[in-house]
Amino acid sequence: MIKVLFVCHGNICRSPMAEFVFKDMVKKRGLEKAFHIESRATHTDEIWNGHGSPVYPPAREKLASVGISCAGKHAQLLVKSDYRDFDYIIGMDSENARWMPRILGGDPDGKVSLLLDYTDHPRSVADPWYTGNFEVTYDDIIEGCEAFLDHLKSQGLI
């Protein structure tokens, strides 16, 4: 089983969108049993007293508009043990790339990457928290998730 963890700042926009888009992609390809997919936050901005915020409404609405549900998802914090528990820990932007190894205690096995590094045009996933444009973020996530699946296929993992 391939264990994939998507990570962003608060785990209410980009990383849950990536989590549920990727789950949808693998399900449509009949690969859902080959994967375990989750998402986390690098910061506690959306987590209070151990309880995380739900997916931000515009992100939830964008997913719903393409038939993807993220019901029940609440922000969770990235923790050191996630390094042991996941094969791929995929951030959304360069800020995540700085924080993830610090939280995880390093990256000796090369598990940490950025989603759009798997594409022909590496860059950060557009942050809709600041732009308000969930369409561009969704497009970036689709591009990255498809490229990540292609990467896994090229490695003979699926």
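Helices, in what follows, are DSSP runs of H or I with at least four residues, and strands are runs of E with at least two, both numbered from the N terminus. With that naming in hand, the tour can begin, bearing in mind throughout that the structure on the screen is a predicted model.

**The whole chain**

Start with the entire chain in a cartoon view, where six helices and six strands make up the secondary structure. Followed along the sequence, these elements come in the pattern β-α-β-β-β-α-α-β-α-β-α-α. The radius of gyration is 14 Å, close to the 15 Å that the globule rule gives for 158 residues, so the chain is as compact as a globular protein of that length. Along its principal axes, the C-alpha trace spans about 40 × 35 × 30 Å, and 49% of the 158 residues count as buried. If you display contacts with a separation of 6 or more, 73% of them are between residues 24 or more positions apart.

**The sheet**

Next, select the strands of the open sheet, which are four in number, pair in the parallel sense and stand in the order β2-β1-β5-β6. At its edges are β2 and β6, the latter covering residues 112–114, and each of these two strands pairs on one side only. Viewed along the sheet, neighbouring strands are turned against each other by 25 degrees on average, direction ignored.

Now go through the pairings one by one, beginning with β1 and β2, which are parallel and share seven bridges. Within this pair, K3 stands opposite H36 of β2, while V4 has I37 of β2 as its bridge partner. If you colour β2 by burial, you will find that six of its seven residues are buried, so that the strand is mostly covered.

On moving to β1 and β5, you will see two parallel strands joined by four bridges, and here V7 stands opposite G91 of β5. From β5 to β6 there are three bridges, again between parallel strands, and the bridge partner of I89 in β6 is V112. The chain passes from β5 through α4 to β6, making a β-α-β crossover that is right-handed.

Stay with β5 a little longer and show its side chains: which residues lie on each of its two faces? Y88 and I90 are on one side, I89 and G91 are on the other, and all of them are buried, which leaves both faces covered. Then add helix α4, residues 94–104, which lies across β1, β5 and β6 and runs at about 170 degrees to β6.

**Helix α1**

Select residues 14–28 to bring up helix α1, whose 15 residues should span 21 Å at 1.5 Å a residue, in agreement with the 21 Å between its end C-alpha atoms. Together with β1 and β2, this helix makes a right-handed β-α-β unit. Is α1 mostly covered or mostly open? It is mostly covered, since 12 of its 15 residues are buried, that is, under 20% relative accessible area. Among the buried ones are P16, M17, F20 and V21, and the elements covering the buried residues include β1, β2, α2, α5 and α6. Just beyond the helix, select G30, which follows α1 and has a positive phi, near 70 degrees.

**L63 in helix α2**

From α1, turn to L63, whose place is in helix α2. L63 has a relative accessible area of 0% and is therefore buried. Leaving aside residues up to four places away in sequence, L63 touches P16, M17, F20, V21, I68 and C70. For P16, try a distance label: its C-alpha atom and that of L63 are separated by 9.8 Å, although the two residues are 47 residues apart along the chain.

**Helix α6**

As a last stop, select α6, residues 134–154. At 1.5 Å a residue its 21 residues should span 30 Å, and its end C-alpha atoms are indeed 30 Å apart. The buried residues of α6 include F134, Y138, I141, F148, L149 and L152. To see what surrounds them, show β1, α1, β2, α2, β5 and α5 as well, for these are the elements that the buried residues of α6 pack against.

Definitions and conventions. Residues numbered from 1 in each chain as written. Predicted model: local features only at pLDDT ≥ 70, side-chain atom pairs only at ≥ 80, totals over all residues. Heavy atoms only, no water. Expected span 1.5 Å × (residues − 1). Buried < 20%, exposed > 50% of the residue type's maximum accessible area, 1.4 Å probe, protein only. Contact = heavy atoms within 4.5 Å. Pairing = 2+ DSSP bridges. Axes fitted to C-alpha atoms, helices over the stretch in contact; angles between N-to-C directions. Right-handed = clockwise from strand over helix to strand, strands pointing away. Rg over C-alpha atoms; globule rule 2.2 N^0.38 Å.
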